Amino acid sequence: MSGHGDPIPMTSRKSGPLRGTAVIPGDKSVSHRSFILGALSVGETKITGLLEGQDVLDTGKAMAAFGAEITRTGDQAWSVHGVGVGGFAEPDDVIDCGNAGTGVRLIMGAMATTPINATFTGDASLRSRPMGRITEPLSLFGAQAVGRQNGFLPLTMVGAKNPVPVRYTSPHASAQIKSAVLLAGLNTPGETVLIEKEATRDHSERMLRGFGAQIETVKTDEGYEITLQGQPELKAQTIAVPRDPSSAAFPVCAALIVEGSEVLLPNIGLNPTRAGLLDTLVEMGADIAFENRREEGGEPVADLRVKASSLTGIEVPPARAPSMIDEYPVLSVVAAFAKGKTVMRGIAELRVKECDRIDAMARGLEAMGVTVEEGPDYMIVHGMEGEVPGGGTAKTFLDHRIAMSFLCLGLASAKPAHVDDGGAIATSFPIFEDLMNGLGAAISRD
Ligand code: S3P
């Protein structure tokens, strides 16, 4: 699991129609933030619907190491007794964030303006991901970081003793950079300002507001300017975590490509900064109905009814990339079954995810008999109108979404699809195999 256990080779085979209701686990981004903001607030935060995946559990453990009291009170139900803004204690051991880029980057931000030191590490995937994009803005507050060369983990952060407020323009479309800066701004006097050129997921802003922080987003010529007033007293909240649209993407896409399928997915989070895949699929001709649109816990949700569809490749607008950044791997699988080419541009960020996702998808699709063109920031998949050969083995590089994407492909390809290691699936979607097989999929461990 997430690089700590033996590889788990898995196979998926051509399946009959997928039918039934898919109850998707809680949103990973919202779950991480619930633990972190709960730990930084005063009082007891009660969380329901938390994603109990390894990534989030590692963040929970980290928050306990910084002094919060974290208790599991029931199935997906957790309680956090926070220490308040500025109240983090120095951990007495290394913080291991496992596979979680979001976990480590947000926690570094959250502790960077408290006068304590902490050393962070992770699995082989996390230890090869860039941290300079976080430590650089945090150094402007007065924090110091020493890691391996190129800023790789393990890394020690020395929190700023007298943090100064920062005005920072993010060089990447990244909610992790934005969130790390805003969390660092919490224990800093004055106003911290983060500017992003394109809107990325806004769960941190929504949740900070919910906990009582003063935070405002204004659209300017430069992009989106987010201003946070430092040193608020955050008040404990009750949080119902919406279901993860990035996990829902797998049964949604599988249902689209497996003939005769019809699947209902209740309560899926439809935050506009996350919903780009659904817009793209609808443009490709997907039959997706959005039923009972409503708002829950400050986030828009709906029940999705998805039917198998004949799809046509499109050019995905690059401006849409931030709102579907985690969904390109599974989109490229759907694209293989569509008619014509699907062109995905402006996706350089995929190269620094849990693995280089452009490379992993291109090599894996080729192993399954699909033609792919790729460049530094683009990928073009040549659709085969439903006739994908399969029969290959995709390397997954400790990346949950690569593993799940190819397991979806094998449900509709002529020959089975193999993945070399499905262990990382437990980081974000521990019930993936049972949920898919419950709908009628044929996914097994070799
Ligand atoms: C996330 C932000 C995105 C996304 C990741 C979750 C978050 O990363 O890929 O899975 O919860 O803030 P980037 O900020 O690197 O784009």
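Below, a trainee and a mentor talk through a predicted model and the reasons behind its labels.

Trainee: Let's start with Arg401. Why is Arg401 called buried?

Mentor: Its relative accessibility is 3%, and buried means under 20%, so Arg401 earns the label. Arg401 sits in helix α11, residues 400-409.

Trainee: Which residues does Arg401 touch, not counting those up to four places away in sequence?

Mentor: Arg401 touches Lys28, Ser246, Phe250, Asp326, Pro329, Arg357 and Ser428. Asp326 is also one of the residues around the ligand.

Trainee: Nice link. Which other residues are around the ligand?

Mentor: Besides Asp326, there are Ser29, Arg33, Thr102, Ala173, Ser174, Ala175, Gln176, Arg201, Ile325 and Lys353. Helices α1 (28-39) and α5 (175-186) each supply at least two residues of that shell.

Trainee: What makes the approach of Asp326 to the ligand a polar contact?

Mentor: A polar side-chain atom of Asp326 is 2.6 Å from a ligand oxygen. The cut-off for a pair of N or O atoms is 3.5 Å, so the pair qualifies. Lys353 also brings a polar side-chain atom to a ligand oxygen, at 2.7 Å. With Gln176, a backbone N or O atom lies 2.8 Å from an oxygen of the ligand. The protein covers 95% of the 380 Å² of accessible area that the ligand has on its own.

Trainee: And what is the space taken by the ligand?

Mentor: That space is the largest pocket.

Trainee: Let's move to α10. Which of its residues are buried, and what covers them?

Mentor: In α10, residues 357-367, the buried ones are Arg357, Ile358, Ala360, Met361, Ala362, Gly364 and Leu365. Their cover includes α9 (328-337), the strands β20 (372-375), β21 (378-382) and β22 (393-394), and helix α11. Arg357 is also among the residues that Arg401 of α11 touches.

Trainee: What makes Asp356 a cap for the N-terminal end of α10?

Mentor: A side-chain oxygen of Asp356 lies 3.2 Å from the backbone nitrogen of Ile358. Polar contacts reach to 3.5 Å, so this pair counts. After α10 comes Gly369, with a positive phi near 90°.

Trainee: What about α4: which residues are buried there, and against what do they pack?

Mentor: In α4, residues 132-141, Arg133, Ile134, Thr135, Pro137, Leu138 and Phe141 are buried. They pack against helices α3 (101-111) and α5, and against strands β8 (144-147), β9 (155-158), β10 (167-169) and β11 (191-196). Just after α4, Gly142 has a positive phi of about 115°.

Trainee: Helix α3 holds Ala110. Why is Ala110 called buried?

Mentor: Ala110 has 4% relative accessibility, against a limit of 20%, so the label fits. Leaving aside neighbours within four places in sequence, Ala110 is in contact with Ile36, Leu40, Phe88 and Leu183.

Trainee: Where is Thr273, and why is Thr273 called buried?

Mentor: Thr273 lies in the loop between β15 (262-269) and α8 (276-283). Its relative accessibility is 11% and the cut-off is 20%, so Thr273 counts as buried.

Trainee: How do you know that Thr273 and Arg201 come together in space?

Mentor: Their C-alpha atoms are separated by 4.7 Å, with the two residues 72 apart along the chain. Leaving aside neighbours within four places in sequence, the contacts of Thr273 are Thr200, Arg201, Asp202, Pro322 and Ser323. The Thr273 side chain also reaches the backbone nitrogen of Asp202 at 3.4 Å, and makes a polar contact of 2.6 Å with the side chain of Asn271.

Trainee: Now for backbone geometry. What makes the bond between Leu153 and Pro154 a cis peptide bond?

Mentor: Its omega is about 0°. Pro154 is in the loop between β8 and β9. Most peptide bonds are trans.

Trainee: What makes the phi of Asn267 and of Glu385 worth a remark?

Mentor: Most residues other than glycine have a negative phi. Asn267, in strand β15, has a positive phi near 65°. Glu385, in the loop between β21 and β22, has a positive phi of about 50°.

Trainee: Is Glu385 buried or exposed, and why?

Mentor: Glu385 has a relative accessible area of 53%. Exposed means over 50%, so Glu385 is exposed.

Key. Residues numbered from 1 in each chain as written. Predicted model: local features only at pLDDT ≥ 70, side-chain atom pairs only at ≥ 80, totals over all residues. Heavy atoms only, no water. Helix = DSSP H or I, 4+ residues; strand = E, 2+ residues; numbered from the N terminus. Buried < 20%, exposed > 50% of the residue type's maximum accessible area, 1.4 Å probe, protein only. Contact = heavy atoms within 4.5 Å. Near = heavy atom within 4 Å. Polar contact = N/O pair within 3.5 Å; in protein donor to acceptor, adjacent residues only side chain to side chain. Areas by Shrake-Rupley, 256 points an atom, 1.4 Å probe, with all protein chains shown as cover. 1 Å grid on protein atoms, 1.4 Å probe; cavity = no way out; pocket = protein on both sides within 12 Å on 5 of 7 lines; lining within 4 Å. Sits in = over half its atoms within 2 Å of the grid points.
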